[in-house]
Amino acid sequence: MSSSSSSSPASALDNRRPEPVKLAFFLFLFASAGLVSLAYGIIRPLGHSFLTTHFGPTGLPYAWILTAVLVLPATWAFNRLIGRLGVRWMFSLVVLLTVLLTLVFRWWIPLSPRLASLLFYTYKDIYILLLAEQIWALANATYSERQAKTFYGFFTASGSLGAMAGAWLVKTYTPVVGSLGMLNYSAVPHLLLLGCFLLTIRRSRGVAAGLKTVSSREREDRATSSTASLVAATPFRPDSG
């Protein structure tokens with residue numbers, strides 16, 4: 001037992017041995033599932049509304065085709081970059097780009113409604129794929145299979161509550177601030193997510209160090225399999241990845 005307790009974070013991850021559950025990290029994953037689903041619960045119906053309003057129902061097939069074409073290079077670039085930048089920088093980059101691009105679309109849609117609505121519909125499906133993939137990758141690299149059976153249900157429940165809260169916010173406040181105005185509020189849960197992530201990584205250095213030492217190829221293999229599951233699944237399904 002003494003040798004296993006003194007092993008490095010990398011060997012602990014490679015051997016998939018159970019580790020004591022860190023409360024801070026569990027709370028981060030629980031909050032992350034809710035916050036990501038909350039933001040997506042706001043953005044998703046708005047994206048559908050923009051497309052059908054400015055492009056018409058005929059725009060949906062074009063949006064689906066464009067999403068299918070762009071999702072593969074996007075996930076390929078993501079898997080390459082995460083091996084170079086590491087989890088901390090890549091997660092922060094994706095969250096900040098999500099906030100920035102959402103605000104750019106908020107400005108662009110009134111100027112070029114058809115093109116911007118089409119690209120926004122595609123963007124919303126790709127960003128949630130990459131963001132949810134990272135959260136599940138963090139969970140899969142930290143928890144053993146036995147621990148996953150215990151805790152992943154909580155993450156899924158939090159994601160479901162966040163999605164319902166997002167739908168309620170859109171229904172309640174869109175008549176007040178308008179569809180474009182709701183895009184501004186989607187930045188709030190994303191920024192809260194980033195703050196929780198940075199705080200948790202700082203307090204859970206063992207987890208961050210362990211993830212950093214995982215080889216790039218292993219991380220790419222795990223991310224690719226997780227992404228393949230997420231393409232056909234709703235966010236925060238416990239069996240993805």
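## Greasy patch and aromatic rings

Leu81, Leu85, Trp89, Leu93, Leu97, Leu100, Leu101, Val104, Trp107 and Leu111 make up a nonpolar surface patch of about 980 Å². Keep in mind that this is a predicted model. Besides the patch, there are 19 aromatic pairs to look at, plus a couple of charged side chains sitting over rings, Arg114 over Phe55 and Lys124 over Tyr121.

**The nonpolar patch**

- Helix 5 (87-108) and helix 4 (59-85) each put at least two residues into the patch.
- The top contributor is helix 5, with 7 residues.
- Leu100, one of the patch residues, is found in helix 5.

**Phe26 with Phe154**

- Aromatic pairs add up to 19 here, and Phe26 with Phe154 is an edge-to-face one, because the ring planes stand at 80° and anything over 60 counts as edge-to-face. The ring centres of Phe26 and Phe154 are 5.9 Å apart, inside the 6.5 Å limit for a pair.
- Phe26 sits in helix 3 (residues 23-54) and Phe154 in helix 7 (residues 145-185), so this pair ties together parts that are 128 residues apart in sequence.
- The two partners don't share the burial label: Phe26 counts as buried at 15% relative accessibility, while Phe154 is partly exposed, at 43% relative accessible area.

**Tyr152 with Phe155**

- Tyr152 and Phe155 also form an aromatic pair, this one tilted, with 5.7 Å from centre to centre and 45° between the planes.
- Both residues lie in helix 7, 3 residues apart, or about one turn of the helix.
- Tyr152 counts as buried, with a relative accessibility of 4%.
- Phe155 is buried too, at a relative accessible area of 2%.

**The cluster they belong to**

- The rings of both pairs turn up in one aromatic cluster, made of Phe26, Phe30, Trp136, Phe151, Tyr152, Phe154 and Phe155.
- Within that cluster you'll find the edge-to-face contact of Phe26 with Phe154 and the tilted contact of Tyr152 with Phe155.

**Charges over rings**

- Arg114 lies over the face of Phe55, and the distance to the ring centre is 4.2 Å.
- Lys124 has its charged end over the ring of Tyr121, 4.0 Å from the centre of that ring.

Note on methods
Residues are numbered from 1 along each chain as its sequence is written. This is a predicted model: local features need pLDDT of at least 70, side-chain atom pairs count only at pLDDT 80 or more; totals for chains, interfaces and linings use all residues. Side-chain values use heavy atoms; hydrogens and water are left out. Rings of Phe, Tyr and Trp (its six-membered ring) pair if their centres lie within 6.5 Å; planes under 30 degrees apart count as stacked, over 60 as edge-to-face and the rest as tilted. Helices (H or I, at least four residues) and strands (E, at least two) are DSSP runs, numbered from the N terminus. Buried means under 20% relative accessible area, exposed over 50%, partly exposed in between (1.4 Å probe, protein chains only). A charge sits over a ring if NZ of Lys or CZ of Arg is within 6 Å of the ring centre and within 35 degrees of the ring normal. Patches are made of residues with over 30% relative accessible area and no salt bridge: like charges are joined within 9 Å, nonpolar side chains (Val, Leu, Ile, Met, Phe, Trp, Tyr) within 5 Å. Accessible areas come from the Shrake-Rupley method with a 1.4 Å probe; for residues, only the protein chains shown count as cover. A salt bridge is a side-chain nitrogen of Lys or Arg within 4 Å of a carboxyl oxygen of Asp or Glu.
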